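Okay, everyone, let's get going. I'd like to walk you through one structure today, so have a look at the screen and stop me if anything is unclear.

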Amino acid sequence: MTEELQTIVDLIRYGASRFNAAGLTFGHSYDNAIDEATQLTLHALHLPHDLSPVYGQSRVTLAEKEDVLGLFLRRIEERIPAAYLTGEAWFAGLSFKSDRRALVPRSPIAELILSGFEPWLGGREVRRALDLCTGSGCIAIAMAHHNPEWHVDGVDLSDEALSLAAENEARLEVRNTRFVKSDLFAGLQGEHYDLIVTNPPYVTDDETDALPREYGYEPEMGLRAGGDGLDLVLKILRDAPLHLTDEGLLICEVGESEQHLVKLLPELPLAWVEFQVGQMGVFVVERQDLVAHNARIAELAAARAPATAASSAATGSAAAGLF
Ligand SMILES: C[S@@+](CC[C@H](N)C(=O)[O-])C[C@H]1O[C@@H](n2cnc3c(N)ncnc32)[C@H](O)[C@@H]1O
């Protein structure tokens, strides 16, 4: 059978067919079998991800074919996300190291970074920005890379994620980032930002339990977020005003938990971002609107699971009643 596979394109086509037949899930870097087969093939052949199609008809050696097919097999049998097999994920035009210490970078917020957060910033000057729940550091580092004049903090509670973020900071040679270990805002007392961007855990318990095997390789603390996916989001909405400058903006991804959030807080004016592919559950909100609705937000945040309430009390940063 393998004798019939001779060229790079043969291998990509074959991999894509096997992936589709095996019913793989493509929820990570790429959303289809052909792109994933291309990613794995080019990685195994030590070729650039943007290889010119002219080389598609190049023949491969037997040893190379074995390397490519070996990766295909692991992807199919073990269901490991392709980015963890290659150790690399592209985000906002940059190559990040990716492994099981943090989620594979895939947030639609990359598109906002590349568009300079316009029209949302509306020309507002940003001096300090925060990436809350930074994981691999992808959002913080991409913001810092594309805006060298900004000072960008990245925060996560996971030591593993922070070690990966530090490696990405070195890999991409950014000098205007700082990474801090913190339970949400707890370690940021007295810090103020013009822009807070966050892709926090927002998957409901039921959805987390039912996720395809690929997601089992990612740290659960990057995904699971309570019965309606909003345990962390509500705390972020409650405490963000303490860390935003007067004209500051919060940009937050909540994915499918958008429906729960809108039901809980119908009066909060959230602007849902329209991406090239449509809405992706990312909202923008002004500090002043968070302040105006703080009492209700704090009430909802306080009603969360005991562990959440306890850690919130420990932060001493709960903003309820301050406005
Ligand atoms: C959805 S992942 C996002 C990672 C990264 N920003 C991205 O877009 O790929 C959420 C991250 O939040 C972190 N996290 C979970 N609970 C946290 C908490 N209480 N405080 C700070 N970070 C937390 C997880 O470790 C994980 O890295």
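So, strands β3 and β4 first: residues 128-132 make up β3, residues 151-156 make up β4, and the two run parallel, paired over five bridges. Keep in mind that this is a predicted model. If you want one spot to click on in that pair, take leucine 130, which has aspartate 153 in β4 as its bridge partner.

Now zoom out to the sheet. Which strands are in it, and in what order? Reading across, you get β5-β4-β3-β6-β7-β9-β8, so seven strands in an open sheet with mixed pairing. The edge positions go to β5, at 177-181, and β8, at 271-275; each of them has a single partner strand, so one side of each has no neighbour in the sheet. Going from one strand to the next, the twist averages 20 degrees.

Okay, over to the helices. I picked one pair, α2 at residues 33-44 and α3 at residues 62-77. How far apart are their axes, and at what angle do they pack? The axes are 8 Å apart, and the angle is about 140 degrees. That makes α2 oblique to α3, and the crossing is right-handed.

Who's touching whom there? From α2 you have Leu40, Thr41 and Ala44, and from α3 it's Asp67, Val68, Leu71, Phe72 and Arg75. By residue type, that contact splits into five nonpolar, one polar and two charged.

That's my tour, happy to take questions.

Technical notes
Residues numbered from 1 in each chain as written. Predicted model: local features only at pLDDT ≥ 70, side-chain atom pairs only at ≥ 80, totals over all residues. Pairing = 2+ DSSP bridges. Helix = DSSP H or I, 4+ residues; strand = E, 2+ residues; numbered from the N terminus. Axes fitted to C-alpha atoms, helices over the stretch in contact; angles between N-to-C directions. Parallel < 35°, antiparallel > 145°, perpendicular 65-115°, else oblique. Left-handed = near helix turned anticlockwise from the far one by under 90°. Contact = placed C-beta atoms within 7 Å. Nonpolar A, V, L, I, M, F, W, Y, C, P; charged D, E, K, R; others polar.
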